[in-house]
Amino acid sequence: MEWECLLFILLINLGCVVSELSLRFVFIVEEQETDLPEMVGKALKLVEESRRELLLSGDVVQLDREAEDEGYRKLCATLAKGASIIIDLSWSPWEMAEELSTSKGLPWLRTLLGPQQLVSAMDSHLESRNATDAAILLETESDVDMALYQLLGKSNVRVWVHAGLNLDSARSLKLMRPEPSFFVVVGGATFVRDTYRRAVKEKLVRRAYRWVLVVTDYSASILDSEQPVLPAAVLRVDTSECCKLLGREECEYPVGFQRKQHILNALVHLLVATFTKLPDLPPPRPVRCDEPSGPQYSRGFRDLLSSETSSNDTLFFWDPNSSSLLLRSQFVLSIRKADAEETVAKWSADGAYQLLPGVVLEPLRMFYRVGTAPAIPWTMPKLDPAGKPLVDEDGQPLFHGYCIDLIEKLSQTMGFDYEIVSPRSGGFGHRLPNGSWNGVVGDLMRGETDIAVAALTMTAEREEVIDFVAPYFEQTGILIAIRKPIRKTSLFKFMTVLRTEVWLSIVAALLLTGVMIWLLEKYSPYSARNNPDAYPYPCREFTLKESFWFALTSFTPQGGGEAPKALSGRTLVAAYWLFVVLMLATFTANLAAFLTVERMQLHSSRVWKEITLNATSDQAQYRVWDYPIREQYGHILLAINASGPVADAESGFREVNEHTEADFAFIHDSAEIKYEVTRNCNLTEVGEVFAEQPYAIAVQQGSRLQESLSRALLELQKERFLEQLSAKWALTFRYCIVIYH
């Protein structure tokens, strides 16, 4: 009897063991996620406690991406103990494990415990906004690696990722070229709030709608008190997901909620429920990596799992493309402004990104860094009434001028925002001994700027490293400026009309004529004095004094009066009168020329002749004057070497202005000289523009902006906008003309 009781108890225990379902899970996790093994153990224990008829066990294989072969050996050793399913929790599918499970007929699936789905949702939003690049800030280095694995090979957006925001990373973002078109913060609500505040403090928040705040937990309400400086996008998961993970209809987000743990709990529970519905499920069987495959039952398991998660009300959904069991998260995108928040999009993780009906997002303007360099009148610093340069809130100089107006018009035509950047060294740019470039060209070449709009000449050397757009100004070159001589006031200023030698010749002619008239009147037998019979009436007596008076009064319109009677005297007087007419005509013509602006221009030309023709060759006497005299550049160089080059344009114009005798010529850019002449009426141009070269806009080599800028410039030319700019920056020229007329 005692033996029968023992046998009965043994049979009951054996029946319980036989009826008990045994499952063994093999989890693959990244080596960096050291907290997951403990979470896996808790999930298995929790489900096992809720299902007394189950016997659950599991192993965790930690994957080192730099030593996958070693990870594969660990996986094979684990599978040799027996396995029901392989669950890949790594950041990126481990192909070796997937191929092994497929060949052995062992169920295999992936799932995501981190914010990977939110990162993908964020990427969908960025692509809908035509983003080309983005800077992503995450909480930890582990999150950085996770995000990279999620985006690389899947996203069309170029990304820069970093853990947190500190002084170094903020400085890196400020100096990043090209500047990211979007900035993204991914993390818990507290991290997102603090990082955004730091970004505002570091003056990184400068453009509307360019910041995307991705909240990975369910406490987005923490951001409610955060007033954005500029409109920003907020992406989060619908808080109802938290309640589903807790298994409740309604709930409040609990403090210290561990999202990963609850996802694991729900995942294991779903897998166990699916396994129990499989007919003829074998117990966990050992898998030998080097042996032929065993029985195939993975297909039936996947089909059943897909059927169990096909409803839109389930917590998970099956993705057959990646063999993944993923949370059916509901994403909510809103635009937060200083005074309101508007929800603009809602979509599910198993659906496509879409805006709510009737919602149209404001088109985003592209942002470019435009390089320029100071040059009159193209790019000039703005000055306050005290003459000090004005700067913006970031301490950058403010400019105005032809190029600045052109940049503003291009931004309106093409629809982009911009920031004006001046080079730290080098001006317009030249090639350095090491082959690199500085200045505007160097900044453009290195990608620190996107466009260069400056007084930049098109040269073959520059075209080797940058691309030029069609010229916007084709009349620039080199010109010479000199000082208009100062006219000294004097009562005898009219005397300077003729040279001293001419005046002495006139006096000598007057004296000689007076003496000759007196001699001929005294000694000629036919004079009135010596031939009284021929002239019985009273006649003028030409004494020496009277002869001088006659010669002098002949220069007046009244005339000299009665002329001598002798033929010899009349002949002398006739010749003298012809001389007087010629002298009066010469004096009148020279006086008229002297009192006009053209006289000054002739003087300037004479000075220029002296500068350019200071040569010993007699051929210079026979040249036809055509300024500038292109054959005489060598003599210009000699004159420059004799006086020495000036330090800058300001010094050159000051030297010209100080040389009141017009004995200093300044050779410089024609546009700047013309502009300075309109502002300083003491200066004048000499000759015509020579060595002409056009000014053009430049872009990086191969830039897509080249075609767009060319079309925009053609439109501006049709509108005659470029002509209006030229007139705007030369308005004072009319003022100088009025002065001299």
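1. Which residues of helix α20 (residues 649–658) are buried? In this predicted model, the buried residues of helix α20 are Ala649, Ser651, Gly652, Phe653 and Val656. An α-helix has 3.6 residues a turn, so residues three or four places apart point the same way. The buried residues of α20 pack against three strands, β20 (478–483), β21 (666–669) and β22 (683–690), and also against helix α21 (670–679).

2. The strands that α20 meets belong to one sheet, which is open, has three strands in the order β21-β20-β22, and is paired in the antiparallel sense. Its edges are formed by β21 and β22, each of which pairs on one side only, and the twist from one strand to the next averages 30 degrees. Four bridges hold the antiparallel pair of β20 and β21, and a reader who wishes to find this pairing in the model may look for leucine 479, whose bridge partner in β21 is histidine 668. Helix α20 lies across β20, β21 and β22, and runs at about 145 degrees to β21.

3. A second open sheet should be read separately: it is built from seven strands in the order β6-β5-β7-β8-β9-β12-β13, and its pairing is mixed. The strands at its edges are β6 (158–163) and β13 (341–348), each pairing on one side only, while neighbouring strands are turned by 20 degrees against each other on average, if direction is ignored. Helix α6 (residues 141–151) packs on this sheet, where it touches β5 (133–138) and β6, and the direction of α6 makes about 165 degrees with that of β6.

4. Within the seven-strand sheet, strand β8 (residues 211–215) and strand β9 (residues 232–237) run parallel and are joined by three bridges. Opposite valine 212 stands alanine 233 of β9. Strands of a sheet pair through backbone hydrogen bonds, either parallel or antiparallel.

5. Where does the largest share of the largest nonpolar core come from? That core has 73 residues, and those with the most contacts inside it are Phe25 and Leu271; its largest share, nine residues, comes from helix α10 (residues 259–276). Leaving aside residues up to four places away in sequence, phenylalanine 25 touches Leu44, Leu56, Ser57, Gly58, Asp59, Ile85, Ile87, Leu271, Val272 and Phe275. Apart from this core lies another, of 33 residues, which includes Phe416, Ala455, Phe473 and Val699.

6. According to an unreviewed UniProt entry, the feature "transmembrane region" is placed at residues 502–520 and 574–597. For residues 502–520 the model gives a chain that is 100% helix and 0% strand, with the end C-alpha atoms 26 Å apart.

7. As to confidence, the mean pLDDT of the chain is 83, and 88% of its residues reach 70 or more. Among the elements of the chain, strand β7 (residues 182–187) has the highest mean pLDDT, 95, whereas helix α24 (residues 733–740) has the lowest, 38.

8. Two stretches call for particular care in reading. Over residues 597–605 pLDDT stays under 50, and the model has 15 contacts for them beyond four places in sequence. Over residues 731–741 pLDDT likewise stays under 50, and there the model has 11 contacts beyond four places in sequence.

Conventions: Residues are numbered from 1 along each chain as its sequence is written. This is a predicted model: local features need pLDDT of at least 70, side-chain atom pairs count only at pLDDT 80 or more; totals for chains, interfaces and linings use all residues. Side-chain values use heavy atoms; hydrogens and water are left out. A nonpolar core is a set of buried Ala, Val, Leu, Ile, Met, Phe, Trp, Tyr and Cys residues joined through side-chain atoms within 4.5 Å. Buried means under 20% relative accessible area, exposed over 50%, partly exposed in between (1.4 Å probe, protein chains only). Helices (H or I, at least four residues) and strands (E, at least two) are DSSP runs, numbered from the N terminus. Contact means heavy atoms within 4.5 Å. UniProt positions are given in the numbering used here, feature names are shortened, and annotations may be inferred rather than shown by experiment. pLDDT is the predictor's confidence in each residue, from 0 to 100. Two strands pair if DSSP finds at least two bridges between them. Axes are lines fitted to C-alpha atoms, for helices over the stretch in contact, and angles run from 0 to 180 degrees between N-to-C directions.
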